[in-house]
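Please open the model in your viewer and keep the selection tool at hand. The tour proceeds by successive selections, with a short account of what each one shows.

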Amino acid sequence: MSTIGELLASGTVRLQRSGSESARLDAELLLGWAIGAERTAVIAHLEASVGADAEATYETGLARREAGEPVAYVRGYKEFYGLAFSVDARALIPRPETELLVAEAERVAAHKLISAPRPAGTPQVRVVDVGTGSGAIAIALASLLRRRRMLPEVSLLAVDVSSDALDLARENAVGHAVADSIAFVQADLLPAAESAFDVVLANLPYIPAGDIATLPVAASFEPRLALDGGPDGLDVVRRLLAALPEALLPEGEALLEIGYDQGTAVEAAVAALPGEWHCHVQADLSGRPRLAHVKRAAGSGVGSAAAGCVAAPERDR
Ligand SMILES: C[S@@+](CC[C@H](N)C(=O)[O-])C[C@H]1O[C@@H](n2cnc3c(N)ncnc32)[C@H](O)[C@@H]1O
């Protein structure tokens with residue numbers, strides 16, 4: 001019978017040889033999955049023996065990872081914003097950098113509820129997550145708002161063009177007990193019948209098509225539809241920006257995750273929108289500009305004279 005330490009050592013060597021850049025971490029996660037224990041427990045008990053069944057499961061996981069499959073697909077789940085999401089080849093694995101979008105979405109939605117007195121009968125704050133994938137953004141936001149007792153005052157719509165992704169998102173919503181609070185709709189960007197949103201959230205595909213072949217092999221297991229943003233990566237994002245004048249209410253705000261080098265192109269696309277818009281691109285924790293805030297000015301309609309993307313005041317940055 002092998003010990004945890006021995007299996008981690010041999011697994012790490014195998015995964016290094018197969019090209020994993022996080023071989024030790026992958027081995028720890030896969031062994032934890034095989035044993036049915038948290039990674040922290042695995043690390044803390046290197047001398048413990050591992051049973052034959054668990055070792056066989058670990059071997060299966062190692063082989064799949066050696067072939068390039070992401071650890072999250074092998075384990076069948078991924079942590080995002082402190083929640084475990086079921087993941088498989090139907091949708092993109094939620095990434096840690098998208099947690100910034102969720103945190104900002106909670107701030108913006110809560111601000112809309114708190115900032116002005118809301119008389120009885122006031123309509124719900126309408127939020128849409130465009131390109132919901134596994135449902136990570138909409139479900140994490142719903143969970144946060146529920147904790148703050150704000151969920152009943154918010155209506156959440158989650159949209160994806162992929163019916164497979166929507167099935168997974170629905171399963172995750174059931175798993176996190178928010179299925180009754182989110183409407184799931186299959187559509188290309190925004191459903192035709194839906195408009196007048198207070199908040200539009202989107203982590204749409206933004207990888208330039210030509211860069212996809214250079215991504216780690218793990219990305220080849222994820223749906224191309226979730227990654228491919230066309231020649232400069234912004235085909236789908238630009239189409240969503242062009243839809244905002246119809247979709248967003250005055251003072252409505254869109255939060256869009258983008259590539260670190262796409263801020264200038266996004267600002268130019270916003271500047272071309274009819275009406276008055278403000279935009280700025282927020283840096284993530286590592287200082288890279290990754291989250292575009294696009295806000296419609298109060299009273300700005302499609303026919304308004306003032307147009308342009310203006311610099312956000314310093315306090316908003
Ligand atoms: C980068 S993934 C993000 C998934 C999820 N929001 C997340 O953050 O983990 C992009 C998602 O957008 C969806 N998508 C791509 N084009 C779309 C379109 N035109 N309309 C709606 N959804 C689209 C894909 O199917 C995919 O689920």
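Which residues of H1 are buried? Select helix H1 (residues 4–17) and look for Ile4, Leu7, Leu8, Gly11 and Leu15, which are buried. A residue is termed buried if 20 or more other C-beta atoms lie within 10 Å of its own, exposed if 12 or fewer, and partly exposed in between, with C-beta atoms placed from the backbone. The buried residues of H1 cover an arc of only 95° around the axis, which puts them on the same side of H1. This arc is that of the directions from the helix axis to the C-beta atoms.

Two conventions apply throughout. Residue numbers start from 1 along each chain as its sequence is written. The model is predicted: local features need pLDDT of at least 70, side-chain atom pairs count only at pLDDT 80 or more, and totals for chains, interfaces and linings use all residues. Helices (H or I, at least four residues) and strands (E, at least two) are DSSP runs, numbered from the N terminus.

**Around H1**

Keep H1 selected and add helix H2 (23–35), helix H3 (39–44) and helix H4 (52–66), against which the buried residues of H1 pack. Contact here means that the C-beta atoms of two residues, placed from the backbone, lie within 7 Å. The 14 residues of H1 should span 20 Å at 1.5 Å a residue, and the end C-alpha atoms are indeed 20 Å apart. The expected span is 1.5 Å times one less than the number of residues. Just after H1, select Gly19, which takes a positive phi of about 105°.

**The two domains**

Colour the protein chain by domain: domain 1 covers 4–68 and domain 2 covers 92–316. These bounds come from an automatic or database domain assignment. The centres of domain 1 and domain 2, taken over C-alpha atoms, are separated by 36 Å.

**Tyr81 and Leu189**

Next, select Tyr81, in the loop between strand S1 (77–80) and strand S2 (83–86). Tyr81 has a positive phi of about 50° although it is not a glycine. Most residues other than glycine have a negative phi. Tyr81 counts as partly exposed because it has 19 C-beta neighbours inside 10 Å.

Move then to Leu189, in the loop between S5 and strand S6 (197–202). Leu189 is not a glycine either, and has a positive phi of about 60°. Is Leu189 buried or exposed? Leu189 counts as buried because it has 20 C-beta neighbours inside 10 Å.

**H8 and the loop after it**

Select H8 (163–175). Its 13 residues should span 18 Å at 1.5 Å a residue, in agreement with the 18 Å between its end C-alpha atoms. The buried residues of H8 are Ala165, Leu166, Leu168, Ala169, Asn172 and Ala173. They cover an arc of only 160° around the axis, which puts them on the same side of H8. Display S2, H7, S4 and S5 as well, which are included in what covers the buried residues of H8.

Just after H8, Ala177 takes a positive phi of about 55°. Continue to Ala179, in the loop between H8 and strand S5 (182–186). Ala179 counts as partly exposed because it has 18 C-beta neighbours inside 10 Å. Not counting residues up to four places away in sequence, Ala179 touches Arg170, Ala173 and Val174. A distance label from Ala179 to Ala142, 37 residues apart along the chain, should read 9.6 Å between C-alpha atoms.

**The ligand**

Centre the view on the ligand. Which residues come nearest to the ligand? Of the 24 residues around the ligand, these are Gly131, Gly133, Val161, Asn203 and Ala226. A residue is near the ligand if its C-beta atom, placed from the backbone, lies within 6 Å of it. Helix H7 (136–147) and strand S4 (154–160) each supply at least two residues of the shell. The shell divides into 15 nonpolar, seven polar and two charged residues. Here Ala, Val, Leu, Ile, Met, Phe, Trp, Tyr, Cys and Pro count as nonpolar, Asp, Glu, Lys and Arg as charged, and the others, Gly among them, as polar.

**Pro223**

Finally, select Pro223, in the loop between S6 and helix H9 (235–247). Pro223 touches Ala91, Leu92 and Ser162, not counting residues up to four places away in sequence. The C-alpha atoms of Pro223 and Leu92, 131 residues apart along the chain, are separated by 6.6 Å.
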